Amino acid sequence: MLTLGALAEELGVTLRGDPGQAITGMATLASAGPQQVSFLANRRYLPQLRHTRAAAVILRPDMAAECPVASLEASDPYLAFARASALFITAPRAESGVHPSAVVAADAEVHPTASIGPLAVIGARARIGAGVVIGAHCHVGARCVIGEGSQLHPAVVLYHDVKLGKRCTVHSQAVLGADGFGFAPGRGGWEKIHQLGGVTLGDGVEVGACTTIDRGALEDTVLEDGVIVDNLVQIAHNCHIGKNTAIAGCTGLAGSTIIGANCTLAGGVGVVGHVEICDNVHITGMTMVTRSITEPGSYSSGTPMSDTRDWKRNAVRFAQLDRIQKRLAALEKSHKS
Amino acid sequence: MLTLGALAEELGVTLRGDPGQAITGMATLASAGPQQVSFLANRRYLPQLRHTRAAAVILRPDMAAECPVASLEASDPYLAFARASALFITAPRAESGVHPSAVVAADAEVHPTASIGPLAVIGARARIGAGVVIGAHCHVGARCVIGEGSQLHPAVVLYHDVKLGKRCTVHSQAVLGADGFGFAPGRGGWEKIHQLGGVTLGDGVEVGACTTIDRGALEDTVLEDGVIVDNLVQIAHNCHIGKNTAIAGCTGLAGSTIIGANCTLAGGVGVVGHVEICDNVHITGMTMVTRSITEPGSYSSGTPMSDTRDWKRNAVRFAQLDRIQKRLAALEKSHKS
Amino acid sequence: MLTLGALAEELGVTLRGDPGQAITGMATLASAGPQQVSFLANRRYLPQLRHTRAAAVILRPDMAAECPVASLEASDPYLAFARASALFITAPRAESGVHPSAVVAADAEVHPTASIGPLAVIGARARIGAGVVIGAHCHVGARCVIGEGSQLHPAVVLYHDVKLGKRCTVHSQAVLGADGFGFAPGRGGWEKIHQLGGVTLGDGVEVGACTTIDRGALEDTVLEDGVIVDNLVQIAHNCHIGKNTAIAGCTGLAGSTIIGANCTLAGGVGVVGHVEICDNVHITGMTMVTRSITEPGSYSSGTPMSDTRDWKRNAVRFAQLDRIQKRLAALEKSHKS
């Protein structure tokens, strides 16, 4: 049983309150009970702080005066919350060893501390590192390499020649290494360009559920260390994503897109192929990126939401915009003359 | 063998025609043969009614005069069609019992009338209710609860602590309970916020293929009774979707979005995080919802499609809109003066 | 071991260089080593040609003079590259026969030259043709028919009554034949319209990873010969896609959409239901198609990306566009009078 004192020590924060108080989990300010810890990272939730019944609240020192219960004072409460969350993980732990129902190629190398779940398939000459967890129903293709401490949740598919660094997490139904969408127009229809590259993920990469990362046409599609990708994201062949870049759900990157380090792409963004985005760029939700970006900053496209009737009236005018501008220019000219 | 008379009785509608006519299935007005039933719910298809060779047509009483074959008169033909469709289901029925190739935890509770398909995995302490059908290759995580009469089609993944009500349907490759996309920026990169909540679905919820519903950070992500969700939809952590709301394909909801009851979101909609949409709201396709909606009604964003050359001319002007407005204001001012 | 001479012969192109040179694979101009072949299809990469260390480069005859190494002269170098790629496939070959861990219905017909991977499930009365490859963890529903030479990569789900022609390729986690999103509003909520049709794919169709193609309500959803579909695409019930049409990632087609032959839909496109697009139409990325298209050509919608502050200023004006137009019209009128 964790105590408040032990938690404060673990997080390296200052506790004001009873160090012997038992803590069983975490909850929101509004719902936390007397053995749960909560956190306040955004002033917007101050009203909830005043009524919380949590055992303790992680917050900034300058908010402690307003906290009706014990406080855990942290200079970055959100980060302290992230670290506290690791102490209360509810997911069951996988046991080391190969489940008897798994199908493992004779020449695959599986580290004895790795866990291969029920009905998983491990292909020829794959190498599974120490402490790796391969969930149920996963498919690890031939010659894949999975670095120490990585986890594939159930039903992930890796095609052949996919390499994951250390401490990567891949969520269910993600597909790494499917063929890039490469076809040449031939006389009788499309002719397939066989995709001869692979996929390489650095260390600490996280890939969301139902996300697809295609193999490269000739070289690998690459996600560098610390890249985090949400659900239902499409990363096409030959993309290269720089360190610590974050990509939110439903975003699609066309082929050969290069994205720098420390970028954040919000949800539903689309990036056309063969463009390059420099480091430290933020793209707002549903933006259509049709050209390279060479300056750090925030970029957007789209139109604001409104009542559908109003929208229709304005949208019709969008299709007249060039004419509107020309009419305006004509008026200006005639006015001056 | 179903007869037209039995069908009319089953649907509670008035038959004009031979009650002894054998019926083997349903088809469109244009393709139905003499033992198939069709329906007309939209006047647009009246020309097809005149030439139909169906055994009978479900339609409104005021259209019966134009029907060249037997008619099944219903005040709501579309609803009668929905009910008739249930009589001609072509999907094979699952047999009760656990397939010998399934891997079921010793302490999972599986109701004797439930069906566990080939190569499914049922985790520790999961509870599978009466008449539940778990398809082939499904993964039901630890402590999941699946209510009476629910069905998981093949290859659905439920992580741990996912709860489904009664009569839910989840389509293939859907993922319920993957980690929400929660990370705190740390000194060396993103630090993961472990997602301690679960996912709760009410009764009669339908979830489409390849749709992802993430577990909550601290509390459950919730879909209330009767919510229907299409394919490839992303529902992020901590979302709460009200009763009977319908969400069409390729839509994405960012974290902590609250949507009321009886809403309809068309395809490709994106909703930014932490907003609230009231009951009875309709969002048209591909709309970008960037703020809360407090009034029922229909909302839209986007621009109309046109020929690409015209579009380019107008799109360029979009980026000058503020300047155009200012030029117009200046002209107005100088005109008045 | 392939030689340059044999490669030239295989491709039917003219070699300038040593026919005895051994070739082990393909690579980009920049990274190819002395036993690898590269290609140049786009003048943009001419600078790389000058420094390439490839064994040989596939290029147009008029570029051969600038090639510092051996050249393979082709009138269509991109097509020649596609054909060359087939000679260097890195994917492991599947062996004929049924893996002992697969679960195959007693009355399914599996051709002796077909390959059924580990832990695959083949349903009742399914028919698997000559040379077909069914990957690990695939689910082939009852009465499905898979034509000669087709391949399902791991973890594809076909519901019942799905028909694939010859030489089709379906990538992992794709779902063919899930229920179309059909519901009638009833008194107590949505009532399901059971989807009685199936899915039919012609010959040579390719379907991307995590793509969903729903079964038709009454008739089949149809993709004609040579259609190619990228990842994370939603094709709703009753759609009909014409021959050789290409659909890029993250695109969604609503129900009953009809698309002609030889169309190309870029990524992130959305097409509203019940519209018809004629042959030879190109739709640019993220376009919202809300009406039928009856003339071949290129179509677009959306707004250009800009710096977020500029975008906000202009986006606000979008919501005033109709008023701006009216103000302009008033000025014009008063100016003339």
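This passage describes the contacts that chain A makes with chains B and C, together with selected features of the folds, in a predicted model.

The interface of chain A and chain B draws on 73 residues from chain A and 74 residues from chain B. Between them the two chains bury about 6,000 Å², and 66% of this area lies on carbon and sulfur atoms. Of the area that chain A buries against chain B, 13% is supplied by A:M286, A:M305 and A:F318, a share that exceeds that of any other three residues. Four salt bridges are counted between chain A and chain B; one of them links B:R317 to A:D322, with the closest N and O atoms 2.7 Å apart. In addition, 30 residue pairs are in polar contact between these chains, both residues of each pair being at pLDDT 80 or more.

On the side of chain A that touches chain B, two or more residues come from each of the helices α3 (77–85), α4 (308–318) and α5 (321–336) of chain A, and likewise from each of the strands β28 (228–229), β31 (246–247) and β40 (306–307) of chain A. The greatest contribution is that of α5(A), which gives nine residues to this side. Divided by class, the side of chain A that touches chain B holds 39 nonpolar, 25 polar and nine charged residues. Strand pairing also crosses this interface, since β40(A) is joined by two bridges to strand β39 (residues 297–300) of chain B, the two strands running antiparallel. Within this pairing, A:D307 stands opposite B:Y299 of β39(B).

The interface of chain A and chain C places 75 residues of chain A in contact with 73 residues of chain C. The area buried between chain A and chain C is about 6,000 Å², of which 66% is on carbon and sulfur atoms. The count of salt bridges between chain A and chain C is four, and among them is the one that A:E191 forms with C:R83, where the closest N and O atoms are 2.5 Å apart. Polar contacts across the interface of chain A and chain C amount to 29 residue pairs, with both residues at pLDDT 80 or more.

The side of chain A that touches chain C receives at least two residues from each of β22 (183–186), β23 (189–192), β38 (288–289), β39 (297–300), α4 and α5 of chain A. Here again α5(A) gives the most, with seven residues on the side of chain A that touches chain C. The residues of that side comprise 37 nonpolar, 26 polar and 12 charged. Across the interface, β39(A) pairs with strand β40 (residues 306–307) of chain C in the antiparallel sense over two bridges, and the bridge partner of A:S300 in β40(C) is C:S306.

Within chain C, nine strands form an open sheet with parallel pairing, in the order β10-β13-β16-β19-β24-β27-β30-β33-β36. The edges of this sheet are β10 (109–110) and β36 (276–277) of chain C, each of which pairs on one side only. One of the pairings in chain C is that of strand β19 (residues 162–164) with strand β24 (residues 199–201), parallel in sense and built over three bridges; in it, C:K163 stands opposite C:T200 of β24(C).

Two loop residues adopt a positive phi although neither is a glycine: A:R125, at about 60°, and C:Q173, at about 65°. A:R125 is placed in the loop between β12 (121–122) and β13 (127–128) of chain A, whereas C:Q173 lies in the loop between β20 (169–170) and β21 (175–176) of chain C. A:R125 has a relative accessible area of 53% and is therefore exposed, while C:Q173, at 0% relative accessibility, counts as buried.

A further loop residue, A:T211, is found between β25 (206–207) and β26 (212–213) of chain A. Because its relative accessibility is 0%, A:T211 counts as buried. A polar atom of the side chain of A:T211 lies 3.0 Å from the backbone nitrogen of A:V233. When neighbours within four places in sequence are left aside, the residues in contact with A:T211 are A:A174, A:V175, A:V229, A:D230, A:N231, A:L232 and A:V233.

Conventions. Residues are numbered from 1 along each chain as its sequence is written. Chains are lettered from A and ligands numbered from 1 in the order in which they are written. This is a predicted model: local features need pLDDT of at least 70, side-chain atom pairs count only at pLDDT 80 or more; totals for chains, interfaces and linings use all residues. Side-chain values use heavy atoms; hydrogens and water are left out. Contact means heavy atoms within 4.5 Å. Buried area is the accessible area (1.4 Å probe) that two parts lose on being put together, summed over both. A salt bridge is a side-chain nitrogen of Lys or Arg within 4 Å of a carboxyl oxygen of Asp or Glu. A polar contact is a pair of N or O atoms within 3.5 Å; within protein, one must be able to donate a hydrogen and the other to accept it, and residues adjacent in sequence count only if both atoms are side-chain atoms. Helices (H or I, at least four residues) and strands (E, at least two) are DSSP runs, numbered from the N terminus. Ala, Val, Leu, Ile, Met, Phe, Trp, Tyr, Cys and Pro count as nonpolar, Asp, Glu, Lys and Arg as charged, and the others, Gly among them, as polar. Two strands pair if DSSP finds at least two bridges between them. Buried means under 20% relative accessible area, exposed over 50%, partly exposed in between (1.4 Å probe, protein chains only).
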